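Hello,

Here is the structure I promised to pass on. Please open it first, then read the notes below.

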Amino acid sequence: MRTTRKARKRLRNKSSCQATRCIMAALISIGGGQGILPAAAVAQETTIDEDTYSNDIVYGNHTGTTPTNHDGNASNNSITIAEGHSVKQVYGGQSTDGQNADYNTVTVAGEAPDDVYGIAAGGKTNYNGSANHNRVTIKSTGNVGEYVYGGWTERGPAKHNIVEIEGTEISQGLVSHEVYGGHSESGDVEENKVIINGFVNGKVTAGYSATYKAINNTAILNSNGNVANIAGGGSTSGTVELNNTIINGGSTFMTSGGYNANGTVKKNTLTIKGGVIVDGAYGGFIEPTATNKGNAYDNIVNISGGTIYTTVAGGQTRSGDAYNNTVNIHGGTLGDDIWGLAMVAGGIADGGNATGNTVNLYTLKDNINGSIYGGKAGAGKTSADNTVNFLGTAILPNATLEGDTIQNLNVYTKGNYVKSITGNIKNMNFYLPAGTSNGDTMLTVDGGTGTNLDNTTITWTPQAEFNMNVGDKVTLIRDAAGLSTNGTVLPEAEKYTVTTGISTDSIYSYNTLREGTQAIVVTFTAEPVVHESTLPERTKSLTETSTAVTALLNGGSDFLTAHGMEEAEAVALDPEISVVYGRLVPFVAIGGGSLELDTGSSTDLKAFYANLGLTKEIKNRNGSLFVGPILEYGRGNYDSYLDNGVHGWGTGHYVGAGGFARQRNHDGLYYEGDLRFGRFSSDYRGDLASGLTADYDLGGSYIAGHLGLGKIYKVNPTDTVDAYIKYFYSRTSGDEVTVHSNLNNEVYNFNSVDSHRLRLGARYYHATNARSKIYAGLAYQYEFNGEAKATHDGLCTPAPSLKGSSYMAEIGWQVKPDKTNMTADVGLTGWTGKQTGITGRLKLSWAF
């Protein structure tokens, strides 16, 4: 109900009974005060902008059985306490019979001495009613004398409520007691938010559930805010989880991501970007009650700014356990000599165990004045698996590492500095970063009291490849006041091979030594690797180009003998073609496929082939002789892989010419041969090692040919069997080339590659009609050589080789469409052995 100025004037001036009845309908005594009540539980907008109600409890809406029977929800109401005016208490919407109080708004505009003497709540209900999506705003000059609730319910849920206390540099809203974004005794309290820019003399909690769940609530303290205590979530004995507190500025006596009195706190986060925290900052906090055995785990504190005195802990508990909590320090100021030294701990368990907690130190400079604990356990309890990580260069001349609470000290950067290390750290692990050079020190201790490394295990690991010189030294830890190293376990000498060129390596020896009583150092010695017989294994990849070219050329020979010569004979005997062209008939055949080659490593080859030729039939008393010239072309892409991960790739192609002859006798016996000459070229690109890439181009001449003997057996009028034995030869010339790399250039002499293959097989044909037939075949092949070598400075590379057995199975279909000069051959060929895989074939031949 909005009271306008005109209406208020009528109320003040009328003295009739009707006016009296209007006033009594609007003002009903409640507990000694006066309350504004609407006539029904429907959405209302009310503004209090006169002093008549300064001792009243006012509502945007009220439902329930007292003082009048209004059943229903108290939702979608709004009430504003205008500037300069006061009330006793204010509720945006209230239900007293357990109905919902949702989407209500309270605004306290301010400028009165006490705008609200008591409680300000956006929505309030009892029993199981919900108090969701309510909002309370206290303006920068507003004042609330007691508590502020965004949503307040007895046993129902309180979710998505917002409380904002506004403020500027000149004036700030004031709350004299506590602030809650959402509050329930035994319901879920989730995703509430409190934003503080003003003063709160008590505790601020974004979401509080006394006995149930406070989850995903957020509290924010900004630059003009000042509070006694602020937390994202809280409980007495329920679960406090996944809450967030963000300190952007202002000041607070204490803060946490979430707190509990007799339950657990887990996965809460406190983020500090600015401001001042006087006495304690915690990701998760268990209040120090005598009976509390709650655990604090998986909580996080992130610090990038601000000033924090005394304690910082990822998780703290009195009698329970603190485990897997984390503190990340990127900046800020922690502790001083006046207000108190800082105690930074991943986890603190005053009467329990502290395990698996972590403190991460990033790039810092004199940010911590105090002690750093990994996990601080109670007397007689266990501190185990707690870690401090130096993740950025941290120069902390006033910080002490409490060694008995740190089981793992991991140093990932160089140039770190601390005042002292007390107690004894179990493990020190140094991870030398990229750019580490002679004379660098990872960690310096300079408190003048010495450091106890008795029975400490020290390890170190390079994060990147080194570029060190013989005699260079890196210090892992140094304390001018002395190191006690009784029983200290140092790493054994280790050797690392470093690639220095295409075929050159050096071996660095790393020795971890005590340098007097003041330092633990790593010294570096190096010597070149002497390759006595062969070059490094990675250079084998360079010669894979030669095996790929040989395999490509051999594939062209297979295509010619298996399909090209057969096609030449077919077109010469075709009467339709002979009528057009006479005795000399042209033909063309194209095809391709892919194959995996076992060369001692692995090479994948994808190839394309083409033959163009003329064929002529010369009849003789034994049968017919088919002869003619031929042009050939082949192109392929290859990828080679060594077992050690080296990958090379490139392309190759050849072009050549030659001639063939095939004698076919009347009894089915045939013998054949061909001889071809040409040029090839190829290129190589490869990743030979980490940080080493190489490339070169290779070219030369080739010669290839074959001899074959076979016989065609007629099984019946439609079926024939072709049994054969064939010998194949090819040779690619060698060349001297310069192999380029990002580290150096080297000259290699590539040897010529000779291939000798023998194949024994048979093919079965079945004619489905005069122009179509299907076939299937089996063959065994043995390669006698096929080895590719190269030399550099008198040493050979490891040699890939095609030598070995392969087994072949094929199926296909040949067809000549009616009224065309085209022949199609569609087939699949499967290989196992040195050649492995399945190749598809689509061959089209035309006689022009």
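**What turned up**

V189 stands opposite A214 in β20. Keep in mind that this is a predicted model. The strands behind that pair are β17 (residues 189–190) and β20 (residues 213–215). They pair in the parallel sense over two bridges.

Both strands belong to an open sheet of nine strands. The order is β13-β17-β20-β23-β26-β30-β34-β38-β42, and the pairing is parallel. The edges are β13 (158–159) and β42 (383–384). Each of these edge strands pairs on one side only.

**Strand β25**

Next, look at β25, residues 251–260. Is this strand largely enclosed or open? Eight of its ten residues are buried, so β25 is largely enclosed by the rest of the structure.

Its pairings are as follows:

- β22 (residues 226–235) pairs with β25 in the parallel sense, over eight bridges. Here V227 has T252 of β25 as its bridge partner.
- β28 (residues 276–277) also pairs with β25 in the parallel sense, over two bridges. T252 appears again, with I277 in β28 as its bridge partner.
- β29 (residues 281–286) runs parallel to β25 and is joined to it by five bridges. N260 has I286 in β29 as its bridge partner.

**The nonpolar cores**

The largest nonpolar core has 79 residues. Which of them touch the most other members? They are V344, L361, I372, F390, L409, F430 and I477. Strand β44 (residues 394–402) gives this core its largest share, four residues.

I372 is a good place to zoom in. Beyond its neighbours within four places in sequence, I372 is in contact with ten residues you can pick out on screen: V344, V359, L361, V388, L396, A399, T400, L401, E402 and I406. V344 and L361 are also on the list of residues that touch the most other core members.

Another core lies apart from this one. It has 41 residues, including A551, L605, L698 and A704.

**T422**

T422 is found in strand β46 (residues 416–422). Its relative accessible area is 30%, so T422 is partly exposed. Setting aside neighbours within four places in sequence, T422 is in contact with T400, L401, E402, G403 and D404.

Two of these contacts have distances to note. T400 is 22 residues away from T422 along the chain, yet their C-alpha atoms are separated by 7.2 Å. The side chain of E402 makes a polar contact with the side chain of T422, at 2.8 Å. T400, L401 and E402 are among the contacts of I372 too.

**Salt bridges**

Side chains of opposite charge can pair when their charged atoms come close. How many salt bridges does a search of the whole structure find? The search finds 20. Three pairs are set out here.

E164 forms a salt bridge with R135, and the closest N and O atoms are 3.0 Å apart. This pair links distant parts of the chain. E164 is in strand β14 (residues 162–165), R135 is in strand β10 (residues 135–141), and they are 29 residues apart. E164 counts as buried, at 17% relative accessibility. R135 counts as partly exposed, at 32%.

R757 and D558 meet through their side chains in a salt bridge of 3.1 Å, N to O. This pair also links distant parts of the chain, 199 residues apart. R757 is in strand β65 (residues 753–769), and D558 is in helix α3 (residues 540–573). Are these two buried or exposed? R757 has 2% relative accessibility and counts as buried. D558 has 15% and counts as buried. The cut-off for buried is under 20%.

D697 and R685 meet in a salt bridge of 4.0 Å, N to O. D697 lies in strand β61 (residues 692–716) and R685 in strand β60 (residues 669–689), so the pair ties together parts twelve residues apart in sequence. D697 counts as exposed, at 52% relative accessibility. R685 counts as partly exposed, at 33%.

One last item: K473, R478 and E515 are joined into one network by salt bridges that share partners.

Best wishes

Note on methods:
Residues are numbered from 1 along each chain as its sequence is written. This is a predicted model: local features need pLDDT of at least 70, side-chain atom pairs count only at pLDDT 80 or more; totals for chains, interfaces and linings use all residues. Side-chain values use heavy atoms; hydrogens and water are left out. Buried means under 20% relative accessible area, exposed over 50%, partly exposed in between (1.4 Å probe, protein chains only). Two strands pair if DSSP finds at least two bridges between them. Contact means heavy atoms within 4.5 Å. A polar contact is a pair of N or O atoms within 3.5 Å; within protein, one must be able to donate a hydrogen and the other to accept it, and residues adjacent in sequence count only if both atoms are side-chain atoms. A nonpolar core is a set of buried Ala, Val, Leu, Ile, Met, Phe, Trp, Tyr and Cys residues joined through side-chain atoms within 4.5 Å.
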